[in-house]
Amino acid sequence: NNNNKSNTQETVSQSVKSSSDESNKTNQQNIVIPSPKELSNGITLYNGGLTDKYRWSQTLTEVTVQVPVPKGTTTKLLKVEINKKNLSISVKNSSNFSQSISIIDGELDGPCIPADSTWVLEDQQSVLVTLFKKEETFWKTVIKGDTEIDTTKVDSTKNISDYDEETQAEIRRLMWDQEQKRKGLPTSEDIKKENLLKQAWNAPGSPFQGQPFNPNAVNFGASSNLPPGVIPPQ
């Protein structure tokens with residue numbers, strides 16, 4: 001009798017386990033992750049690539065990762081963790097919150113700045129993650145072990161917006177000066193000299209006082225021809 005009882009309990013236990021396994025399997029199957037190729041709002045692969053889990057692109061300062069999720073996904077079904085060296089994204093089963101599936105979980109190809117990095121759910125079909133790099137370098141992949149790109153072939157041109165405001169202003173000035181020279185027009189330095197000359201043209205003691213303004217009358221290479229108070233350009 002004891003043997004029969006033991007066998008019955010074992011049979012029931014196996015049946016419950018089998019039922020639980022089948023339930024888990026069914027719930028897992030209910031979570032359908034689309035291919036990154038199928039995204040209607042797929043991001044550019046600029047300096048990045050395409051894996052079976054995500055699309056990605058990058059500049060020297062940041063990485064953009066687009067991860068497909070089941071259509072109709074809401075933020076409450078998502079768990080996104082961005083750490084200095086790791087990224088993980090998982091989604092819960094909408095019909096059973098106790099079940100979830102991991103989409104991405106691994107070590108980043110380079111360190112990021114978690115405090116500056118962000119993620120957003122787009123059109124309830126993809127998670128867009130922006131990782132700000134701790135170091136200005138090109139990554140071979142997003143998650144180590146995934147398909148790598150050849151970083152010697154990336155576009156290493158730095159966008160003007162990646163520089164500080166002072167440097168941006170200087171770059172724009174140089175670009176403007178080049179265009180002015182191409183058109184045969186005064187550069188910013190030429191305009192600066194002319195404005196300086198105008199201010200001193202009729203100054204007390206100026207040899208040009210009372211005369212019509214004529215910048216060609218001044219040889220900037222000879223300080224003796226400059227009006228008082230005018231310092232020759234360096």
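Phe132 lies in strand 8, which covers residues 126-132, in a model that is predicted. The side of this residue that meets solvent is limited in the sense that Phe132 is partly exposed, with a relative accessible area of 30%. Once its neighbours within four places in sequence are left aside, Phe132 is in contact with Thr61, Glu62, Cys112, Ile113, Asp116 and Ser117. For one of these partners, Ser117, the separation is 15 residues in sequence, while the C-alpha atoms of Phe132 and Ser117 are 5.5 Å apart in space.

Helix 3 is the next element to consider. It has 14 residues and reaches 20 Å from its first C-alpha to its last, which is close to the 20 Å expected at 1.5 Å a residue. Within helix 3, the residues Ser188, Leu197, Ala200 and Trp201 are buried, and helix 2 (165-183) is included in what covers the buried residues of helix 3. An α-helix has 3.6 residues a turn, so residues three or four places apart point the same way. Among the buried residues of helix 3 are Leu197 and Trp201.

The aromatic side chains come next. The count of aromatic pairs comes to two. In one of them, Trp201 and Phe208 are stacked, with 4.4 Å centre to centre and 10° between the planes. In the pair of Trp201 and Phe213, the ring centres are 5.1 Å apart and the planes stand at 75°, so this pair is edge-to-face, given that planes over 60 degrees apart count as such. This second pair links distant parts of the chain, with Trp201 in helix 3 (residues 188-201) and Phe213 in the segment after helix 3, twelve residues apart. Taken together, Trp201, Phe208 and Phe213 form one aromatic cluster.

How buried or exposed is each member of the cluster of Trp201, Phe208 and Phe213? The table lists the values.

| Residue | Relative accessible area | Class |
|---|---|---|
| Trp201 | 2% | buried |
| Phe208 | 11% | buried |
| Phe213 | 31% | partly exposed |

Trp201 and Phe208 are classed as buried because their relative accessible areas of 2% and 11% are under 20%. Phe213, at 31%, is partly exposed because its value falls between 20% and 50%. The stacked pair is thus made of Trp201 and Phe208, both of them buried, whereas the edge-to-face pair joins Trp201 to Phe213, a residue that is partly exposed.

Conventions: Residues are numbered from 1 along each chain as its sequence is written. This is a predicted model: local features need pLDDT of at least 70, side-chain atom pairs count only at pLDDT 80 or more; totals for chains, interfaces and linings use all residues. Side-chain values use heavy atoms; hydrogens and water are left out. Rings of Phe, Tyr and Trp (its six-membered ring) pair if their centres lie within 6.5 Å; planes under 30 degrees apart count as stacked, over 60 as edge-to-face and the rest as tilted. Buried means under 20% relative accessible area, exposed over 50%, partly exposed in between (1.4 Å probe, protein chains only). Helices (H or I, at least four residues) and strands (E, at least two) are DSSP runs, numbered from the N terminus. Contact means heavy atoms within 4.5 Å. The expected span of a helix is 1.5 Å times one less than its number of residues.
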